[in-house]
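Dear colleague,

Please find below the structure I am handing over to you. My notes on what was found in it follow directly after.

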Amino acid sequence: MAGIKASQSRVSELNRSHMLRVLYRGGIKSRAQIAQELDLTPAAVSKISARLIDAHAIEETSDIRGKGNRRSIGLRIPAERFHVIGVKFARTIVQIGVFDLNGTALAIDELPPVTDDCIADVVSDVRSRLAHIIDADPDVVAVGMAVPGPYLRTVGRTALVSSMHGWRRVNFLHEFGTAFRVPVYVEQDARAGVLAQSLFGKQSDGARVPQPDSAAPTAAPTAQSTAETTEGAKPSTLAYYLLGEGIGLGVIDHGMLINGELGAATEIGHVSIDVNGRTCDCGNVGCLERYCSATAIRHDLLEDPDAPHIAGVEDMTPAQAANALFKAAADGDQAAVHMVARVGRYVGYGCVTIINAFNPGRIVLGDIVAGGGETLLAAVQSVVDERVIPQIADATSIELSSLPTDSAISGAAAVAVNQFLDNPSLFLDLK
């Protein structure tokens, strides 16, 4: 009997989730339109919507035009009523943002640059800041976190953060999992980024497909692999190529986020592009992130005799050094233009691997190094045109991220938003 009740409860939750997704994806919809999309009876839709209205998850709007020009009452999700917090942890960068359900940034704060010897203090500071925000804003329903990969999701730790080993000592689930009145969800930064591109970016008008992770701890469950896809249209596979202080990749294939056995899949930053190349902290040589990350750019500005002269680069963070390079290139410094194009070619080698491994319809370049703009993008495309089978290359679009905020922090928010839409009973009084 208990099993039957549990099954009925799960069906009810799925139906509520499906209705929220329909409204999130399509905006205002009538009950008749929802019934048609979900293949439910009008009576069932009325019952589900009544529960969600009572819980203030959806609301009725002024009448809309339906079939035969008949007028009907519309339903919508009041996205502005619910807030989520996104936290981005990178090597030296930590950002905290508050977003509404549509991914609109209401506030973003960046902490002072992180050094390896102050990571424990930074974690404590983030915990205090989050507690303050949550206490001050009753509309906050969840926290999403984007952390460097490879992130071992069932353990709660990052296996390796090159040049910043202190991050390996942080267990994000233990530090944040039960610290607040709202749940916390943790995801690898590039996978969070692809969720943001899918949920908040272009072509994000499809349906989410849930992929439960029963191994995730209940205190702070990992982000589920739910994603927006373009319904009935290509591309069905989306890749987000994170070009930050490290290099990462997130891939959504036909609505499913690729995770791997430990949650450490798609770690393209540690794919070797030169078997006799630069050594990496991971134990490999020639790793991609040693050539085209912001950290690599700063290294080359300091060590490469052919690099452009950037005043004060030795005192800059990797992000500051990369941005200074891009500004010099935009101002016409030919050595800087040449260096941006060289970095772009390395990024392009990564794209070749992404295309051959995952065959995505779209690759979105984001984070710090995407600031190289069209010069970088042209070099990337040139490498792909040279090295990928033409028919496959022609089917893959490569573009710079169009999100108004950084994809990793937006992705942290997207992780929380997806949880809200997939599991409404965790956040709403639906009794």
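I begin with one strand residue. Valine 98 is found in strand β5, which covers residues 94–100. Its relative accessible area is 11%, and valine 98 is therefore classed as buried, the limit being under 20%. Apart from its neighbours within four places in sequence, valine 98 is in contact with His83, Val84, Ile85, Thr104, Ala105, Leu106, Ala107, Ile133 and Asp137. Aspartate 109 is eleven residues from valine 98 in sequence, and the two are 9.1 Å apart in space, C-alpha to C-alpha.

Please note that the model is predicted, and that every value in this message is computed from it.

**The chain as a whole**

The protein chain has 431 residues, of which 55% are buried. Its secondary structure comes to 13 helices and 15 strands. Among the contacts with a separation of 6 or more, 65% are between residues 24 or more positions apart.

**The nonpolar cores**

The largest nonpolar core holds 50 residues, and the members that touch the most others are Leu52, Leu101 and Leu428. Two or more residues of this core come from each of α1 (2–26), α2 (31–38), α3 (42–54), β7 (140–147), α6 (189–200), β11 (237–243) and α13 (407–422). Helix α13 gives the largest share, with nine residues. As for leucine 428, its contacts are Leu52, Ala55, Ala57, Phe82 and Phe420, once residues up to four places away in sequence are set aside. Separate from this core is a second one, made of 47 residues, with Ile93, Ile268, Ile297 and Leu377 among them.

**The cavities**

How many cavities of 30 Å³ or more does the count give? There are two. The largest cavity contains about 200 Å³ of space. Its lining consists of 20 residues, and those nearest the centre of the cavity are Arg91, Pro148, Asp189, Leu242 and Gly246. Sorted by class, this lining comprises seven nonpolar, six polar and seven charged residues. Domain 2 (83–207 + 409–426) and domain 3 (237–403) each supply at least three residues to the lining of the largest cavity.

**Individual residues in strands and helices**

Serine 30 belongs to strand β1, residues 29–30. With a relative accessibility of 4%, serine 30 counts as buried. Its contacts, leaving aside neighbours within four places in sequence, are Ile64, Ser72, Ile73 and Gly74.

Serine 46, by contrast with the buried serine 30, is partly exposed, at 36% relative accessible area. Serine 46 has its place in helix α3. Alanine 32 lies 14 residues away from serine 46 in sequence, with 9.4 Å between them in space, C-alpha to C-alpha.

Proline 318 is part of helix α9, which covers residues 318–330. Is proline 318 buried or exposed? It counts as buried, because its relative accessibility is 12%. Outside its neighbours within four places in sequence, proline 318 is in contact with Thr92, Glu245, Ala294, Thr295 and Arg298. One of these contacts, glutamate 245, is 73 residues from proline 318 along the chain, and their C-alpha atoms are separated by 6.6 Å.

**Backbone geometry in two loops**

Most residues other than glycine have a negative phi. Two loop residues may be considered against that background.

Aspartate 39 has a positive phi of about 55°, although it is not a glycine. Aspartate 39 is located in the loop between α2 and α3. At 69% relative accessibility, aspartate 39 counts as exposed.

Asparagine 359, likewise not a glycine, has a positive phi, with a value near 50°. The loop that holds asparagine 359 runs between α10 (334–358) and β14 (362–366). Asparagine 359 counts as partly exposed, with a relative accessibility of 47%.

Yours sincerely

Key:
Residues are numbered from 1 along each chain as its sequence is written. This is a predicted model: local features need pLDDT of at least 70, side-chain atom pairs count only at pLDDT 80 or more; totals for chains, interfaces and linings use all residues. Side-chain values use heavy atoms; hydrogens and water are left out. A nonpolar core is a set of buried Ala, Val, Leu, Ile, Met, Phe, Trp, Tyr and Cys residues joined through side-chain atoms within 4.5 Å. Buried means under 20% relative accessible area, exposed over 50%, partly exposed in between (1.4 Å probe, protein chains only). Helices (H or I, at least four residues) and strands (E, at least two) are DSSP runs, numbered from the N terminus. Contact means heavy atoms within 4.5 Å. On a 1 Å grid over the protein atoms alone, a cavity is a set of points where a 1.4 Å probe fits but cannot get out, and a pocket is an open set with protein on both sides within 12 Å along at least five of seven lines; lining residues have an atom within 4 Å of a point. Grid points are joined across faces, edges and corners, and a volume is the space filled by probe spheres set on the points. Ala, Val, Leu, Ile, Met, Phe, Trp, Tyr, Cys and Pro count as nonpolar, Asp, Glu, Lys and Arg as charged, and the others, Gly among them, as polar. Domain bounds come from an automatic or database domain assignment.
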